[in-house]
Each structure stands twice: as C-alpha cells, then as structure tokens.
Amino acid sequence: MKHSARTHLTKGYTFLRTSGRAVRFVAWALVIAFVLTAAGCSKKSATANANSDTITSSEEQTYTRNIIIGFSQIGAESAWRTCNTQSMQTAAAEAGIQLIYSNAEQKQENQIKAIRSFIVYQVDVIVFVPIVQDGWDNVLREAKEAHIPVIIIDRKIRTSDESLYAAYIGADHVEEGRKAARFLQEKYKDADKTLNIMELRGTDGSSVTDGRYQGFREILQNDNRFNIIYSETGDFLRSMGKELAEKILSENGTLQINGTPVDIIYSHNDSMTLGFLDVFEKYGIQGGKDVTIVSVDAEQAVIDALKNGQVNCVVECNPKTGPLVMEFVQRLANNRPIPKITRIEETVFTENDDLSNIEPRGY
Ligand code: GYE
C-alpha cells in the first residue's frame, strides 16, 4: 500500500470534531456503558476510547458509533446508476450507517455544492462519483482541511495531489474497452474486408468514457481492417441513443455514415444501446445480424437482447460496490488501513457463450 489512507486517517481524522458531535458521542457512550454494566461486564472488559471513537471489548470486538456518510451521486441516467445508488443505500442500512444521499442530476456544480454541505454538516466520510475527471481539487482540499476522508467510487479524478482522497473503488474502464475490442478481433479473425465501426461515447470528460475509448483503440489500432468512421457522445442516456439513431436513420434510411455502411456499433453503455434498438425496430434493422453490437454494463435488458441475438457481446461493469464501501468506512472509523485503489472484477458475455445460467442481474 502506498502512503495513503492510513496516513491520511491517522494524521488528521477524528470522529469528534465539534462540541455538538462530542455531546452526541458522550450520550452514546453513556448508553453503551449502561448496557455493558447491566450485562455484567467488568470495567476491564470494555474500554471507551474517546479519541478513536470505538469501544472495544476484551474479546476484541469493535463497536462503532453512528457513522454518517455524505454520498454525492451523479444522477439516475441509467439502470446501472440506479443499481449503484441502491447498492449504497442497502449496504449502508445493513451496516447501520446513516447515508445522506444527494442526486446531482448530471451537474458537477451540484456535486461540488453537495460536498460543501457535507463538510458543513461534518459527516464522517464523504463518498462521491465524479461525473468528470477534472475540477475537484479545491473542494477536496476543503474536505481535507476539515479532516473528512473522501472515498471516490466508480469514476476517477485527475489530480496532482493524490492525498486529497483516501481511496478509490471502481472498475478498470480501459480494460473494458480492450475487452470489447478483443471480442471483435476474435469474431472477425478470418475476415478480409474493412469493418466500419460506429462508436457511441459516454459522458465526455469522464474517466469512464476516456477509458473505454482508449482501451478499444489500443487493441484495434494495429489492425487496419477496423475503421472507426463515427464517434459521437450519447451521454450514457437511452434518450440520446434514440435521438442519434433516429437522426441517422431518418436521413439515410439505412445505417450509414456519409454513404459508408456501418458494420459494428461499439456502445459505451447499455442505455444507449437500448436507445438504438428502440429505433431499429421501426426501420426493420436487426441488431446482432445486420450490424454487430458490442455494449458495456450487462444490465438485464441487454443480457436478454444478447440471448435473443440482437446484441453480440456485453462487457460487464459491476455497480454493486455498496458493501465494499461500507466495509472501508467501518475500517476508517476503527483506525484500520484501507487500500488506496481497489479494482472490481468483471466478466464478458458473448454470443459464443452458454447464456442459460446467468444469474438475474439485478439492474
Ligand atoms: O457504464 C453507465 C453509467 O460510470 C461506469 O455510468 C459508470 C457508467 C455506466 O451511467 O451506464
């Protein structure tokens, strides 16, 4: 582990920042002390440590007082995102952690405002999903000065000061792009013609879009049969996928860009893929046959489309990070180290696989 969460935690992090919170803590400690005494525990078997904010029994059991997380989510642009929010809310409830949820409705400025209000409220930990990579240093410096650790999930930030956050938990989005490209390499290993690709990008400026864009090109750049003829952002939205498809198809009648037929669609998320499939029906285009479709996320609706042959490959992206976040928050509360970077493992589902035993996706 790098010089990271632990140093950040032990140097500046304390759960007792204001007298208000101190009162809350003392009240809580009294209740626990009462319960332990009533249960017949001797003084030696339980010690309350006002600085670490934990009470440890002789059995090394650790009790954590009410922890409050401020959670700034991007919004609800996709089923993936909704599942991610639910995962956080459910995991917090199960861990007995209070989660203050803020929906930024796709605006970075709303996220910055939410983080500032979490600082004023003096939450114990701030968790957020940065909609874009840049522009976080000032507000994160404010959190650091207030000694509030920050856990970043899903998307990454670009900063010259890595000490501004305690941990990052998320998928390797460059690898997701590579996986999409490797599927195409394999599918077309014997093809001896040019393959024209249309790319639907996610939100520009986000680490996810950058990763999926780069990883894809990294693998295909040395194979000149693959030709990316079109790349446009659909902002991870089904509605924008629909709009783009409608625009192209109403102008041309078929899926083509400046007279060049599209062979492959690489979509940075399932919502945009579903938007395209919505419009295909109207124009009599068969996804998966007339055009090869590779998508990312693996939400249930697109796994179903894969099973129906409308989609050829889905790269999984796992939104269920809530339990891990809560574990890290508990560890921070108990002065235990957490890893700076944690990667979520993911798989790929393709038309070549046995798809009969896929567990319900939950999103
Ligand atoms: O792929 C998409 C979403 O950041 C990985 O954001 C996430 C992406 C996910 O809304 O569906």
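Helix α8 passes helix α9 in a right-handed crossing, and that is a handy place to start with this predicted model. The axes of α8 (residues 238-252) and α9 (residues 270-283) come within 7 Å and cross at roughly 40°. Zooming out, the protein chain has 11 helices and 17 strands. Two of its open sheets get their own sections below: one of 6 strands with parallel pairing, and one of 6 strands with mixed pairing.

**The α8/α9 contact**

- On the α8 side, the contact is made by R238, S239, M240, G241, K242, A245, E246 and L249.
- From α9 come S271, M272, T273, L274, G275, F276, D278, V279 and Y283.
- Sorted by class, this contact of α8 with α9 has 8 nonpolar, 5 polar and 4 charged residues.

**The chain overall**

- Of the 363 residues in the protein chain, 43% are buried.
- Take the contacts between residues at least 6 apart in sequence: 75% of them join residues at least 24 apart.

**The mixed sheet**

- Reading across this open sheet, the strand order is β10-β9-β13-β14-β15-β17.
- Which strands sit at the edges? They are β10 and β17 (348-350), and each pairs on one side only.
- From one strand to the next, the twist averages 15°.
- Strand β9 (residues 195-201) is mostly covered, with 6 of its 7 residues buried.
- On one hand, β9 pairs with β10 (residues 226-233) in the parallel sense over 7 bridges, and I197 stands opposite I228 in β10.
- β9 also pairs with β13 (residues 264-267), again in the parallel sense, over 4 bridges; here L200 stands opposite S267 in β13.
- Put helix α7 (residues 207-220) together with β9 and β10 and you get a right-handed β-α-β unit.
- Moving along, β13 and β14 (residues 292-297) pair in the parallel sense over 3 bridges, and Y266 has V294 in β14 as its bridge partner.
- Helix α6 (residues 173-187) packs on the sheet and touches β10, β13, β14, β15 (313-316) and β17. The direction of α6 makes about 155° with that of β14.
- Helix α10 (residues 300-307) packs on the sheet too, touching β14, β15 and β17. The direction of α10 makes about 150° with that of β15.

**The parallel sheet**

- The strand order in this open sheet is β5-β4-β6-β7-β8-β16.
- Why is one side of β5 (98-103) and of β16 (341-343) left without a neighbour in the sheet? Both stand at the edges with a single partner strand each, so there is nothing from the sheet on the other side.
- The twist in this sheet averages 15° from one strand to the next.
- Strand β4 (residues 68-73) pairs with β5 in the parallel sense over 6 bridges, and I68 stands opposite Q98 in β5.
- Helix α3 (residues 79-95) lies across β4 and β5. Relative to β5, α3 runs at about 160°.

Notes:
Residues numbered from 1 in each chain as written. Predicted model: local features only at pLDDT ≥ 70, side-chain atom pairs only at ≥ 80, totals over all residues. Pairing = 2+ DSSP bridges. Axes fitted to C-alpha atoms, helices over the stretch in contact; angles between N-to-C directions. Contact = placed C-beta atoms within 7 Å. Left-handed = near helix turned anticlockwise from the far one by under 90°. Nonpolar A, V, L, I, M, F, W, Y, C, P; charged D, E, K, R; others polar. Buried ≥ 20, exposed ≤ 12 C-beta atoms within 10 Å, placed from the backbone. Right-handed = clockwise from strand over helix to strand, strands pointing away.
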